[in-house]
Amino acid sequence: MNDPLRDLQQMSAFLGDLTHALAETRDILPQRSEGTDRTGSVTVVLGPEDLPLSITVEAGWQQRLSPEALGGAAVEAGQAAAVNRLSVWQQDAGKAAWAAVPDRLPDDRAAADAVAEPALDLTLAVGDVSQVTPRPLEQLAEDVLTALDRAGAPGVPVQGRGCDEGGHVTVVLSRGGLVSCEPDGRWAAETGTAALNHALAAALAKARTDLAAAVRSAREEAAAGTDRMLREALALLADPSKLRNS
């Protein structure tokens, strides 16, 4: 027979272990990574979140690339930087950190031990739940399953877009990195390298700002529904008598 309280305890323990393990895997990744396209004409530097910190075109790039190929070279350089950053997984430290990430719920004994000494106090994230009155467990469980189904479904990618003041360069970012870089080919061919890099920097800065706003909006929308469910689940864990009364 299923024990809903035990299931919640197992999930809480699993989430604590998973959060801790994933934080350790992120900590071993380098904070900066650099990559270039195959011609050496464009260099992209990534920060800790895999977002470009800079996109730089080298002097004399016209001798190696056509203006129409410049944007693709920037994306290629960004991909190379991401590969260089993730190459740490080929090292022993990376393999060990990844192996520590749990891939399934603990058994009953492990869950009981984890509840006795929780790996993560989730109430720190959601605040005091002593005054929360949870809905009936069946309704809460149904809403959780619905939220999980939605989370697993492909959604609209969150992106940020930025252009320089002259509208000559457009940069598009996602949470995964550089999506596209679209300089006006005719303008790029006629302008100097310094002006081109200035336009790239301006477009990138605006794209980063736009992406941050889009991510913040998406998180607030998602949190509006999940925060209540999490608080209700934690209220049941903190006071099992509420389970009997639900």
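This report walks through a predicted model, starting with the whole chain and then turning to its sheets, its salt bridges and one loop residue.

## The chain as a whole

The model is a prediction, and its chain has 246 residues, 35% of which count as buried. In secondary structure terms, there are 9 helices and 6 strands.

On the outside, the chain exposes about 14,600 Å², with carbon and sulfur atoms supplying 52% of that area. As for how the chain comes together, take the contacts with a separation of 6 or more: 69% of them are between residues 24 or more positions apart.

## The S1-S2-S3 sheet

One open sheet has 3 strands in the order S1-S2-S3, paired antiparallel. S1 and S3 sit at the edges with a single partner strand each, so each has one side without a neighbour in the sheet. Ignoring direction, neighbouring strands here are turned by 15° against each other on average.

Strand S1 covers residues 33-36, and its side chains alternate. Ser33 and Gly35 point to one face and are buried, while Glu34 and Thr36 point to the other face and are not. S1 is joined to S2 (residues 42-46) by 4 bridges, with the two strands running antiparallel. Across that pairing, Ser33 stands opposite Leu46, and the bridge partner of Glu34 is Val45. The hairpin of S1 and S2 has 5 residues between the strands, and there Gly40 takes a positive phi near 75°.

## The S4-S5-S6 sheet

Further along the chain comes another open sheet of 3 strands, this one in the order S4-S5-S6 and again with antiparallel pairing. Its edge strands are S4 (159-163) and S6 (177-183), each of which pairs on one side only. The twist from one strand to the next averages 15°.

S4 pairs with S5 (residues 169-174) in the antiparallel sense, over 5 bridges. One pair to look for is Cys163 with its bridge partner in S5, Thr170.

## Two salt bridges, both on helix H2

The salt bridge count comes to 2. In one, the side chains of Glu76 and Arg38 meet at 3.0 Å, N to O. Glu76 belongs to helix H2 and Arg38 to the loop between S1 and S2, so this pair ties together parts that are 38 residues apart in sequence. How covered are the partners? Glu76 has 23% relative accessibility and so counts as partly exposed, whereas Arg38 is exposed because its relative accessible area is 72%.

In the other, Arg85 pairs with Asp50, and the closest N and O atoms are 2.9 Å apart. This pair also links distant parts of the chain: Arg85 is in helix H2, while Asp50 is in the loop between S2 and S3 (52-57), 35 residues away.

## Arg85 and its surroundings

Helix H2 spans residues 70-86, and Arg85 lies within it. Is this arginine buried or exposed? Its relative accessibility is 5%, so Arg85 counts as buried; the cut-off for that label is under 20%.

Leaving aside neighbours within four places in sequence, Arg85 is in contact with Leu29, Pro30, Ser33, Gly47, Pro48 and Asp50. Two of those names have already come up: Ser33 is one of the buried residues of strand S1, and Asp50 is the salt-bridge partner of Arg85.

## Thr39 in the hairpin loop

Back in the loop between S1 and S2, Thr39 deserves a look of its own. With a relative accessible area of 28%, Thr39 is partly exposed, because that label applies between 20% and 50%.

Which side chains make polar contacts with Thr39? The Asp37 side chain does, at 2.5 Å, and so does the Ser41 side chain, at 2.7 Å. Not counting residues up to four places away in sequence, Thr39 touches Arg64 and Leu65. Trp61 is 22 residues from Thr39 along the chain, and their C-alpha atoms are separated by 8.6 Å.

The loop that holds Thr39 is also home to Arg38, the partner of Glu76 in helix H2.

Conventions
Residues numbered from 1 in each chain as written. Predicted model: local features only at pLDDT ≥ 70, side-chain atom pairs only at ≥ 80, totals over all residues. Heavy atoms only, no water. Buried < 20%, exposed > 50% of the residue type's maximum accessible area, 1.4 Å probe, protein only. Contact = heavy atoms within 4.5 Å. Areas by Shrake-Rupley, 256 points an atom, 1.4 Å probe, with all protein chains shown as cover. Pairing = 2+ DSSP bridges. Salt bridge = Lys/Arg side-chain N within 4 Å of Asp/Glu carboxyl O. Axes fitted to C-alpha atoms, helices over the stretch in contact; angles between N-to-C directions. Polar contact = N/O pair within 3.5 Å; in protein donor to acceptor, adjacent residues only side chain to side chain.
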